[in-house]
Amino acid sequence: MDSSLGVYVHIPFCTRVCPYCDFAVEAVASRGSKAGDWRASEDLYVAGVLAELALRAPTFRGRSLASLYFGGGTPSLLRPDSLARIREAVEAAFSPGSEKVEVTLEVNPSSVEREHLPGFRTEAGVTRLSLGVQSFDDSLLKALGRAHTGDACRRTLAAAREAGFANLSLDLMFAALHQTPAMLEADLAEALAFGPEHISCYELVFEAPTPFGRAAAAGRMNPYPEEGSARMVERIEERLVASGYRRYELTNYARPGYEAVHNRRYWQRRTVLGLGVGAHSTDPASPGRPHGARHANPRVRQSWMDAIGAGHWPIGEEEILDRGVAMAEACFLSLRCEEGLDEAAFRAEFGVSPRAEFGAAIDGFLDGGLLEASGDGRLKLSRSGRMLADTVCAEFV
Ligand code: SF4
């Protein structure tokens, strides 16, 4: 029985909202231009996170802390002492397990963040930085509406190493707007030259409620051609694997030993307590909820603050998982990962084998070469299955 816990803290502030972003975010003036206003927002928000932690910790009592993840938004807009207050409170509520707790901070490349990098490590106790590079190409960054430049990425990466961070992750975007294969090659080469421990590669998605999504719906923007995007996925895998990274999850590559502890919890369906605006939690199994539940906090800061201020846990959405949903998720989330689906573990959890439950889909994919059965009782995506992973995973839903 897993008694560990991951804590996710959502910080919704960004210096501007990118036109493709569908996260719970809001634009705030940069620290330099309206320092007083920003400081008040930051302090109020941190107080809200601490109050929510106090309200919700009893549900997760007794669990040992495995990971703490500051995501957003742009959590690196917070001062190191603000992050330190949250980390200390989380560690006081849940004692660390035997392994060292992974503390990740998402960072955007800018001079404000660079200044704070030493403090993020020494004062806030951050052990891992996730840098939202996206691309080193200024024309692409501009078209994506990002606030930073390629040069800011280079300087932030160098500053992160100088500040003593030994575990760096880079986010890169592909199949984005006017990006060509040559531009992707250049981004991969430049990322590899920095030697990060971890690289995440995401395709640009046109989410309906965003400006890009609306432009795509109106025919003013076009998603990347499928074939071109598939070739990029193939090329990313070839290049990163040849450089010593393992594709341990469909969009994530790591040097051995640097797989993201926190992110893995989601694919492994382990318990996560989400704090802050729009944060998602996966609650453990409990009487009457044998497969656990999922919760999402409200996405509007004021609604979240009002509920916290009144001493209520601000539930935005709740889903109590039934057996069917839990089985489907166990299949497709495992298949996303290098280890694949452990048939014996599935049987132990649900009392039935995955082939008994999803026989037609599994047999079809085995026959079609999209799935492979390994000698150790696992089902894994084949190379062609990884190219069509969305299609395969959708069959289990
Ligand atoms: S910086 Fe990241 S979180 Fe903020 S608006 Fe842009 S994509 Fe969204």
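Reader: Which residue does the side chain of Glu52 meet in a salt bridge?

Author: Some ground rules: this is a predicted model, where local features need pLDDT of at least 70, side-chain atom pairs count only at pLDDT 80 or more, and totals for chains, interfaces and linings use all residues. Residues are numbered from 1 along each chain as its sequence is written, and side-chain values use heavy atoms, with hydrogens and water left out. A salt bridge here is a side-chain nitrogen of Lys or Arg within 4 Å of a carboxyl oxygen of Asp or Glu. At 3.2 Å from N to O, the partner of Glu52 is Arg56.

Reader: Why are Glu52 and Arg56 separated by about one helical turn?

Author: Helices are DSSP runs of H or I with at least four residues, strands are E runs of at least two, and both are numbered from the N terminus. Glu52 and Arg56 both sit in helix α1 (residues 35-56), and the reason is their spacing there: four residues apart.

Reader: How is the protein divided into domains, and how far apart are the centres?

Author: The bounds come from an automatic or database domain assignment. Domain 1 covers 4-266 and domain 2 covers 324-394. Taken over C-alpha atoms, their centres are separated by 29 Å.

Reader: How many salt bridges does the rule find across the interface of domain 1 and domain 2?

Author: Let's start with contact, meaning heavy atoms within 4.5 Å: 13 residues of domain 1 touch 10 residues of domain 2. One salt bridge joins Glu249 and Arg336, with the closest N and O atoms 2.5 Å apart. Searching the whole structure gives 32 salt bridges, while the count across this interface is six.

Reader: Which element gives the largest share of the side of domain 1 that touches domain 2?

Author: At least two residues each come from α8 (226-242), β9 (246-249) and α9 (261-267). With five residues, the largest share belongs to α8.

Reader: Where is Gly73 found, and what is the peptide bond before it like?

Author: Gly73 is also one of the residues around the ligand, where being near takes a heavy atom within 4 Å. It lies in the loop between β4 (64-72) and α2 (80-93). Most peptide bonds are trans. The one from Gly72 to Gly73, with omega near 20°, is cis.

Reader: What phi does Leu177 have?

Author: Leu177 is in the loop between β7 (168-174) and α6 (181-194). Most residues other than glycine have a negative phi. Leu177 is not a glycine, yet its phi is positive, about 45°.
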